[in-house]
Each structure stands twice: as structure tokens, then as C-alpha cells.
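Work through the exercises below with the model open. Each task is followed by a solution in steps.

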Amino acid sequence: MLIGAHVSVKGGLLTAFDRARELGAEAVQVNPTPPQTWRHLHLEPELVIQFRERMSATGLNAFFFHAVYLINLGTPRPELLVNSEGSLRHYLELANQLGVRGVVFHPGSHLGQGFDAVLGQIGQALRRALEGAPGESLLLIENSAGAGANIGSTLPQIRRMMEAVDSPRVGLCLDTAHAFTSGWQLTTEEGLSAALAELESEIGWDRLWAVHANDSKAAFGSNRDRHENIGEGEIGSEAFRRMLAHPQLRRAPWILEVPGEARQGPDRANVERLRQLGGLPALGPP
Ligand SMILES: [Zn+2]
Ligand SMILES: [Zn+2]
């Protein structure tokens with residue numbers, strides 16, 4: 001199984017490979033552009049070649065992009081919907097060029113209109129983004145913590161979005177912290193079994209492409225999104241040990257988005273912790 005981390009690309013996309021190596025990460029997620037902006041990225045052909053070379057030399061092909069945070073597919077504002085769709089299409093194009101596996105995104109909020117009212121526009125926008133960027137890269141819906149009118153905090157909602165897109169290129173990225181605060185009782189054996197049975201029946205294991213491995217500073221069912229280091233939050237080490245023992249969850253790369261010991265982002269200590277809880281060999285000193 002692969003344990004990885006979200007890393008910065010300060011200094012360029014290629015720096016992600018160096019940062020991943022320092023952390024001992026075997027899977028990577030990055031924001032290729034600043035996630036608070038709509039900025040597009042132009043890839044020089046030379047960079048595409050270098051990126052693909054690094055990917056094959058390091059074996060880091062479980063590589064993901066995280067979409068910008070401005071995206072809202074549930075918006076009533078046509079301009080924001082167009083920008084959201086365009087940004088996802090752009091990221092898919094980049095991912096296709098670079099051999100990046102998928103683009104993880106937050107669907108957004110229906111802002112009180114209700115999920116049913118915006119489902120059609122979400123399906124249409126996602127389908128158009130995929131059709132506008134033909135290739136192999138996937139669009140991965142990340143489950144949300146369910147604050148306010150946020151979309152995608154339940155598996156039936158995610159299934160219905162997938163049905164509305166109707167493409168094998170749409171899948172799920174399961175964030176453990178968001179799942180916990182949106183009401184998945186991950187801390188008990190029964191709670192975990194029930195959640196995973198629902199995941200299997202609503203989504204199917206073949207659609208689970210990545211796990212965001214985060215403990216939660218926010219309480220169970222609080223609908224709040226506050227990540228914590230593995231074993232230091234409300235989910236706790238035992239729950240991670242149980243999740244990491246699940247064969248279908250182990251098939252997906254696990255990507256840390258935790259604050260880290262130094263509060264500078266995912267670190268080697270958290271990678272080691274997950275490896276230990278998952279029964280994987282220790283990395284040892286860098
Ligand atoms: Zn996310
Ligand atoms: Zn996440």
C-alpha cells in the first residue's frame with residue numbers, strides 16, 4: 001500500500017518530487033496553482049518531459065492535483081459556474097499532459113437552493129469538463145464535512161453526482177476527517193463496518209481512487225473541517241489501525257493533509273505513524 005502526502009510546489013512543479021522523497025511519501029498531491037486564485041498554468045514542453053522523467057525515475061505515479069478552493073458547482077451565478085467548470089477542465093488538461101492520475105475537488109455549496117435543484121448543473125459541468133479534456137485523468141469528488149449547504153457530505157449525494165456525470169473518469173477521494181465530522185462513526189468497529197458497507201453499496205470499491213488520511217481536531221458530527229495529526233485528534237490511532245487493516249481501503253493511496261508536528265504541513269513523522277499503524281516497514285532516518 002502507498003502512504004503519501006500533500007506537498008508544496010513552491011519553486012516549481014518538479015520540487016514536489018524532492019519534497020515527497022524527504023517525507024518518505026509514496027503518493028503525492030499538490031496544488032499546481034495557488035488554490036485561492038483562478039490562475040492558469042502554462043506548461044513548457046520541456047517541463048512536461050522533465051516531469052514525466054522524474055515520475056518514472058521515482059516511481060511516484062500515484063500523483064494527484066487538488067483543485068482550487070474557489071470552485072462551486074452549486075452556485076446560482078453563471079459566471080462562477082463557468083469559471084469552476086473551466087478550472088476543472090484546465091486541471092484535467094494539465095493532468096493528462098503530465099500523467100497525473102486525477103484531480104480532487106470539492107463540489108461546493110448549493111447555498112440554500114437544495115441539492116436536488118443543483119444536481120443537473122453539477123452533472124453537466126463535470127461532463128463538459130471531462131469532454132473538454134479527453135484523456136485518462138480522473139475527476140475525484142472529495143466528500144465534504146457537511147457544513148451549511150455544502151454538497152457531497154453523504155454517499156448518496158456523491159453517488160447521484162456520479163450518476164449525473166455518467167463517466168468512468170469520475171471517482172471518489174475519501175477524506176477521513178470530513179467523513180468523521182459529517183457523521184461516520186470511524187472510532188468503533190461497528191461504525192466503521194457500517195460506513196464501509198455503505199461505501200461499497202453506494203459507490204463501489206472500483207471508484208475509490210484515493211484516501212485523504214487526516215485525524216480531526218473537530219468533534220464527531222460537528223460538520224467542521226479541522227485536520228489534526230494522525231493519532232492526535234478525535235479519530236485516534238486505533239481507528240486508523242482498523243481502517244488501515246481494511247484490504248479495500250489499502251488498495252487506494254493514502255495522502256496526508258495534516259498540520260504536521262511543526263504546523264508546516266504533512267511531515268515524515270506522520271508518514272511514519274501511518275506506516276506503523278498500517279503494519280508497513282519503518283522508513284528510518286531520511
Ligand atoms: Zn480537499
Ligand atoms: Zn481532504
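**Exercise 1. The metal pair**

Find the distance between the zinc ion (ligand 1) and the zinc ion (ligand 2), and the residue that coordinates both.

Solution. Step 1: the two zinc ions, ligand 1 and ligand 2, are 3.4 Å apart. Step 2: Glu142 coordinates both of them. Keep in mind that this is a predicted model.

**Exercise 2. The donors of ligand 1**

List the residues that coordinate the zinc ion (ligand 1), then place the two histidines in the fold.

Solution. Step 1: the donors to ligand 1 are NE2 of His66, NE2 of His106 and OE of Glu142, at 2.1 Å. Step 2: along the chain, these donors are spaced H-x39-H-x35-E. Step 3: His66 belongs to strand E3 (residues 63-66). His106 sits in the loop between strand E4 (102-105) and helix H4 (115-132). The pair therefore ties together parts that are 40 residues apart in sequence.

**Exercise 3. Buried or partly exposed?**

Classify His66, His106 and Ala194 by relative accessible area.

Solution. Step 1: recall the cut-offs; buried means under 20%, exposed means over 50%, and partly exposed lies in between. Step 2: His66 has 3% relative accessibility, so it counts as buried. Step 3: His106 has 30%, so it is partly exposed. Step 4: Ala194 has 48%, so it is partly exposed. Ala194 is part of helix H7 (residues 189-202).

**Exercise 4. A pair along the chain**

How many residues separate Ala194 and Leu98 along the chain, and what is the separation of their C-alpha atoms?

Solution. Step 1: along the chain, Ala194 and Leu98 are 96 residues apart. Step 2: their C-alpha atoms are separated by 38 Å.

**Exercise 5. The whole protein**

Test the radius of gyration against that of a compact globule, then describe the overall fold.

Solution. Step 1: a compact globule of 286 residues would have a radius of gyration near 19 Å. The protein has 18 Å, which agrees. Step 2: along the principal axes, the C-alpha atoms fill a box of roughly 50 × 50 × 30 Å. Step 3: the protein contains ten helices and ten strands. Step 4: 55% of the 286 residues count as buried. Step 5: of the contacts with a separation of 6 or more, 73% join residues 24 or more positions apart.

**Exercise 6. Surface and charge**

What share of the exposed area do carbon and sulfur atoms supply, and how many charged side chains of each sign are there?

Solution. Step 1: about 11900 Å² is exposed, and carbon and sulfur atoms supply 51% of it. Step 2: there are 26 positive and 32 negative side chains. Step 3: the centres of the two sets lie 3 Å apart.

Note on methods:
Residues numbered from 1 in each chain as written. Chains lettered and ligands numbered in written order. Predicted model: local features only at pLDDT ≥ 70, side-chain atom pairs only at ≥ 80, totals over all residues. Heavy atoms only, no water. Helix = DSSP H or I, 4+ residues; strand = E, 2+ residues; numbered from the N terminus. Rg over C-alpha atoms; globule rule 2.2 N^0.38 Å. Buried < 20%, exposed > 50% of the residue type's maximum accessible area, 1.4 Å probe, protein only. Contact = heavy atoms within 4.5 Å. Areas by Shrake-Rupley, 256 points an atom, 1.4 Å probe, with all protein chains shown as cover. Lys, Arg positive; Asp, Glu negative; His and termini not counted. Charge placed at Lys NZ, Arg CZ, Asp CG, Glu CD. Donors = N, O, S within 2.8 Å, 3.2 Å for Na, K, Ca; no water.
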